[in-house]
Amino acid sequence: MSPFWKKEKKSDAENIAEMQTASPAAAEEKTDAAQPEITVKPAEAEAEVKEMAAAKPKVLTAVMSGCTGCLISLVDNYDILLDLLDAIDYRYETTLADVRQIPDDQMDIAIVHGSICLQDKRQVDDIRKIRQNSTFLVAMGGCASSGCVTRYSVGGQAATPSHESFVPVANLVKVDFALPGCPTGPEVIANTILAAVGADLEYLKPLAELAGFACGCDLLTKIIGNGLCIGCGTCAMSCPTRAIDMDYGRPHVNQELCIKCGACYAQCPRSFEPTFEMIEKRVMGVE
Ligand code: SF4
Ligand code: SF4
């Protein structure tokens, strides 16, 4: 399987027609590939699974400065977790590996959770190494994507008294996709992994805009200020600190409660422009 980011996405019909002109066997193989079905492989197919793993996206997840709540959120995908793991070639996670050292291997997708502590040279070096060795870098969670609660840290803890400045990943290196939220919802993490595996660029595109500073005030400047708010209340429901009240059909943000997680703006249905193809496919069921 070629990595999706290195080729134009074609429709299933185009893919099959192209393969039929090559060979019937290849067409049959491509028919399976065009409609991927993620299933857990039986033990007797271990060799085949190993062979396939070579073509799956190589994935690394690494924690910087954070509570690892977003990793727990990933694991909270109870019913499809094994299928998710089966769809990727999972190479490393800081909290699961025996070694703390980021591997030297080239990754297709690196998922980082937690913000970067500027006084921690190891973290600064690690995030640069991850960026250098990965095709796509995903900032998972509020701390990685916007800084979130770690922006308020003043340091002074016994073990690391000088650790007092925390910034989102995008302040140091380029981030390709960001998943705001404190923590990011399990479904969003699962959908993003499956979108990457399945080359669903329509799903991934809005996530490319979300890295960097975030605040409840984004709703005022970008949504309400541009006359886009429809008063649906999704922002208030997505806020983990209940910082948003809906008054007279518009969100009002209590800045004393806002932890800058970015969930409200990311969840707002007016913060991204759905394409007609996306509406046809996801809402109307047209393939
Ligand atoms: S208002 Fe709530 S959801 Fe929005 S950034 Fe602040 S804490 Fe996050
Ligand atoms: S989610 Fe967006 S459209 Fe809905 S009330 Fe909040 S700002 Fe308005």
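Start by selecting strand 9, residues 250-253, and colour its two faces: Pro251 and Val253 make up the covered one, while Arg250 and His252 sit on the uncovered one. In a regular strand, side chains alternate between the two faces of the sheet. Keep in mind as you go that this is a predicted model.

Next, add strand 8, residues 244-247, to the selection. Strand 8 and strand 9 run antiparallel and are joined by four bridges. To see one pairing, pick Asp245 and look across to His252, its bridge partner in strand 9. You have already met His252 on the uncovered face of strand 9. Now follow the chain through the turn: the two strands form a hairpin with two residues between them, and Tyr248 in that turn has a positive phi of about 50 degrees.

Go back to Pro251 on the covered face, and bring up ligand 2. Pro251 is one of the residues around ligand 2, together with others including Cys229, Cys232, Cys235 and Cys268. Leu219, Ile223, Ile230 and Arg270 are also among the residues to display here. By class, this shell holds eight nonpolar, three polar and one charged residues. Switch on the cartoon to see helix 10 (217-223) and helix 11 (234-238), each of which supplies at least two residues of the shell.

Now move to ligand 1. Its surroundings comprise 16 residues, of which Gly216, Cys239, Cys258, Cys261 and Cys264 come nearest. Colour this shell by class and you will find eleven nonpolar residues, four polar and one charged.

The last stops are about the backbone. Most residues other than glycine have a negative phi, and most peptide bonds are trans. Here are some exceptions to click on.

- Select Cys148, in the loop between helix 7 (142-146) and strand 6 (166-167). Its phi is near 50 degrees, a positive value in a residue other than glycine. Is Cys148 buried or exposed? Cys148 is buried, because 27 other C-beta atoms lie within 10 Å and the cut-off for buried is 20 or more.
- Select Thr68, in the loop between strand 1 (58-63) and helix 4 (69-75). Thr68 also has a positive phi, near 65 degrees. With 16 C-beta neighbours inside 10 Å, Thr68 counts as partly exposed.
- Finish at Pro183, in the loop between strand 7 (177-179) and helix 8 (186-197). Show the backbone atoms here: the peptide bond from Cys182 to Pro183 is cis, with omega near -5 degrees.

Methods:
Residues numbered from 1 in each chain as written. Chains lettered and ligands numbered in written order. Predicted model: local features only at pLDDT ≥ 70, side-chain atom pairs only at ≥ 80, totals over all residues. Near = placed C-beta within 6 Å. Nonpolar A, V, L, I, M, F, W, Y, C, P; charged D, E, K, R; others polar. Buried ≥ 20, exposed ≤ 12 C-beta atoms within 10 Å, placed from the backbone. Pairing = 2+ DSSP bridges.
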